[in-house]
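Here are a few warm-up exercises on a structure you can turn around on screen. Try each one before reading the solution.

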Amino acid sequence: MSQTTDLRVIVKAFEEGLRETPVVPLRMEGIELFAKLEYCNAFGSVKDRPAFWILKSAVESGDVTMGSTIVESSSGNFASALASYCQLLGLRFIAVIDPNIAPGNESFLRRACDEVVKVEERDDKGGFLKTRLNKVKELCAAIPGAFWTNQYGNPKAMEAHYLLTGEEMCRSFSELDYVFVGVSTGGTISGVSHRVKERFPSARVIAVDAEGSVIFGGEPKKRHIPGIGATTVPELLKQARIDDVVLVPEMEAVQACRELLFDHGLFVGGSSGSAYAAVKRYLPKMRSLSRPPKVLFLCADRGSAYLDTVFNPTWAMRLAS
C-alpha cells in the first residue's frame, strides 16, 4: 500500500468518526435563543471542521502526501486543529502566529507543532494578518513539498461548513429565523449561510464583527481578542449570504463571555461572546415580530484559552481604560 493510500485510509476513518455538536436552549426574554456548541468538536473549536476537510481533500487529490509539510497562518484555533490532525497523520506542520494569540493556544502549538513562527511586525492596517500571510508565502517558497491549507481562500473551508456545520443546524430545527455568526476568515459564515438559506429561505443571517476590524468597512484599530475580525477582507466572504452586520466593541464581548458563564453555564471564548453580545444588540429588531423568533448563535470555541485575557479582571481593566 502506498503512503498516499495509507493517508486516505486514515482520513476515511476520521471522517466516519465525526460527531455532531449540540444545540442548547438559553433563556432570553422575547426570543427563543439557542447556542450551537462548536467547542464540543474533537479538538475544541469550529475550526476542526475546515482543518479536517481541507486536509482530507488535499490527501484525496494527491496534493498532500507523507512527504508534505503543511504551513498555515492562524490566530490559534485553526492551527490547533491542524496541528492535531497532522500529528495523527504523521505530517510535518509549521504554524505562523502573532502576539494576539491566546496564551493557551500558543502553549499547545509549541508542544504539538514541528515549528512555530511568531511574527511581531504589524501590517499597514495595525494588525498582523498580512505579516503572517507574507511569512507563509516565504516558508512555502523555501520548503520543498510545502502545502498551504489557506483557510482564508480555500473553497473547501466553506464546503466543510456547508456540509457539516450548516447541515447540522438545519437538522436541529423545523424553523429558524435568525443566525448570528462571528466572522474572521469568512469560511464559516459562507458555508453556513448557504445551507441555512436553502432550508429556511426567510431566515436572516447576521454577521458579527469586532470594532476595529476592516471586514465590513470599519475603521482599522488595534484589537486584542483573536478569532474574530481581520485587517483584510477575506476572499471567502464574497460567497456569504449576509442580511445584516453587527459590530461589537471588545469590552462588550468580554462582558458577554462572563454573562454566558455565570448566567447560562457556557464557558466560551471571545468570538462566542461577541456573537452573544450581537444578539442582545439586535433584540429590538427581533422582538418586533408577531411571535418570539427562533434565534441561533455560534459558540466557536471554549474559554480555556482565554483565562489570562478575557476572564482575567486585570487584563479586562486594561482593555477598558
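**Exercise 1: rings and a charge**

In this predicted model, Phe43, Phe52, Trp53 and Tyr85 make up one aromatic cluster. Work out which residue lies over the face of Trp53.

Solution. Start with the rings: pairs are counted when the centres lie within 6.5 Å, and that rule gives eight aromatic pairs. Next, pick out Trp53, one of the cluster members. Finally, look over its face: Lys56 lies there, at 4.5 Å from the ring centre, and the cut-off for a charge over a ring is within 6 Å.

**Exercise 2: the sheet**

Find the strands at the edges of the six-stranded open sheet, and say why one side of each is left without a neighbour.

Solution. Write down the order first: β1-β2-β10-β7-β8-β9, with mixed pairing. Now read off the edges: β1 (23–26) and β9 (244–248) each have a single partner strand, so one side of each has no neighbour in the sheet. From one strand to the next, the twist averages 25 degrees. For a pairing inside that order, take β2 (residues 32–37) and β10 (residues 294–299), which run parallel over six bridges. Here Glu32 sits opposite Lys294 in β10.

**Exercise 3: the cavity**

Locate the largest cavity and sort its lining by class.

Solution. With a threshold of 30 Å³ or more, you get one cavity. The largest cavity has a volume of about 40 Å³. Its lining consists of Lys47, Pro50, Phe78, Gln151, Ala157, His161, Thr185, Gly187 and Thr188. The elements giving two or more residues to that lining are α6 (155–172) and α7 (187–199). Sorted by class, the lining has three nonpolar, five polar and one charged residues.

Note on methods
Residues are numbered from 1 along each chain as its sequence is written. This is a predicted model: local features need pLDDT of at least 70, side-chain atom pairs count only at pLDDT 80 or more; totals for chains, interfaces and linings use all residues. Side-chain values use heavy atoms; hydrogens and water are left out. On a 1 Å grid over the protein atoms alone, a cavity is a set of points where a 1.4 Å probe fits but cannot get out, and a pocket is an open set with protein on both sides within 12 Å along at least five of seven lines; lining residues have an atom within 4 Å of a point. Grid points are joined across faces, edges and corners, and a volume is the space filled by probe spheres set on the points. Helices (H or I, at least four residues) and strands (E, at least two) are DSSP runs, numbered from the N terminus. Ala, Val, Leu, Ile, Met, Phe, Trp, Tyr, Cys and Pro count as nonpolar, Asp, Glu, Lys and Arg as charged, and the others, Gly among them, as polar. Rings of Phe, Tyr and Trp (its six-membered ring) pair if their centres lie within 6.5 Å; planes under 30 degrees apart count as stacked, over 60 as edge-to-face and the rest as tilted. A charge sits over a ring if NZ of Lys or CZ of Arg is within 6 Å of the ring centre and within 35 degrees of the ring normal. Two strands pair if DSSP finds at least two bridges between them. Axes are lines fitted to C-alpha atoms, for helices over the stretch in contact, and angles run from 0 to 180 degrees between N-to-C directions.
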